[in-house]
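Biologist: I'm new to reading structures, and I'd like a close look at just one part of this one. Could you walk me through a single loop and then what surrounds it?

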Amino acid sequence: MTALLIGLAVLAAIGATVLRRRRRARIRDLAAAREGGSDERAIPVTSYDEMDAWIARRACVCGGRLAHVGEGTHAARGRRFRIVRARCTACDQLDELYFDTTDVPR
């Protein structure tokens, strides 16, 4: 009887892990398809204040708020990009927002 209960608990844990991974993969795919989800879909900005405003009003695909956790730069195809990393306060998913900063004065 105890072995049966332990087996059911293990199956429930495995099932929960599989569902969580599928949900996170779906959220990641939806985020990548949105505007700013990749350098091909980068959001064009002309100032860093404009970029900050985008981040402030952007929500995770789950509906949660994004908290800024870091950023970096990237250059490709003669363009400059700023990649902002943000974590959802609701689902804890890490999101990357791509901004085309080519027209931002240095």
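Modeller: Sure, let's start in the loop between β3 and β4, where you'll find D92. Keep in mind that this is a predicted model. D92 isn't a glycine, yet its phi is positive, about 65°. Why is that worth a second look? Most residues other than glycine have a negative phi. As for cover, D92 counts as partly exposed because its relative accessible area is 40%, and the partly exposed class sits between the under 20% of buried and the over 50% of exposed.

Now go back along the chain to the loop between β2 and β3, which holds R77. Here too a residue other than glycine takes a positive phi, near 55°. R77 has a relative accessible area of 56%, so it's exposed. The loop belongs to a hairpin with two residues between its strands. Those strands are β2, residues 66–76, and β3, residues 79–88; they run antiparallel and are joined by 10 bridges. One pairing you can look for is L66 with C88 of β3.

So what does β3 do besides linking up with β2? Follow it to F81, which is found in this strand. Is F81 buried or exposed? With a relative accessibility of 2%, it counts as buried. Setting aside neighbours within four places in sequence, F81 is in contact with several residues, including A42, H74, A76, F99 and T101. V45 is 36 residues away from F81 in sequence, but their C-alpha atoms are 9.9 Å apart in space.

V45 takes us to the largest nonpolar core, which has 13 residues; among those touching the most other members are V45, M51, L66, V84 and F99. The elements that give two or more residues to this core are α2 (48–57), β3 and β4 (94–100), with β3 giving the largest share, three residues. Try clicking on M51: leaving out residues up to four places away in sequence, M51 touches V45, R82, V84 and F99. There's also a second, separate core of five residues, with A42, A76, I83 and Y98 among them. In soluble globular proteins, nonpolar side chains tend to be buried together.

For a contrast, swing over to helix α1, residues 2–33, where L5 lies. L5 counts as exposed because its relative accessibility is 52%. L5 is part of a nonpolar patch on the surface, along with M1, L4, I6, L8, V10, L11, I14 and V18, and together they have about 930 Å² of accessible area.

Notes:
Residues numbered from 1 in each chain as written. Predicted model: local features only at pLDDT ≥ 70, side-chain atom pairs only at ≥ 80, totals over all residues. Heavy atoms only, no water. Pairing = 2+ DSSP bridges. Helix = DSSP H or I, 4+ residues; strand = E, 2+ residues; numbered from the N terminus. Patch = residues over 30% accessible without salt bridge, like charges linked within 9 Å, V, L, I, M, F, W, Y side chains within 5 Å. Areas by Shrake-Rupley, 256 points an atom, 1.4 Å probe, with all protein chains shown as cover. Salt bridge = Lys/Arg side-chain N within 4 Å of Asp/Glu carboxyl O. Buried < 20%, exposed > 50% of the residue type's maximum accessible area, 1.4 Å probe, protein only. Contact = heavy atoms within 4.5 Å. Core = buried A, V, L, I, M, F, W, Y, C linked by side-chain atoms within 4.5 Å.
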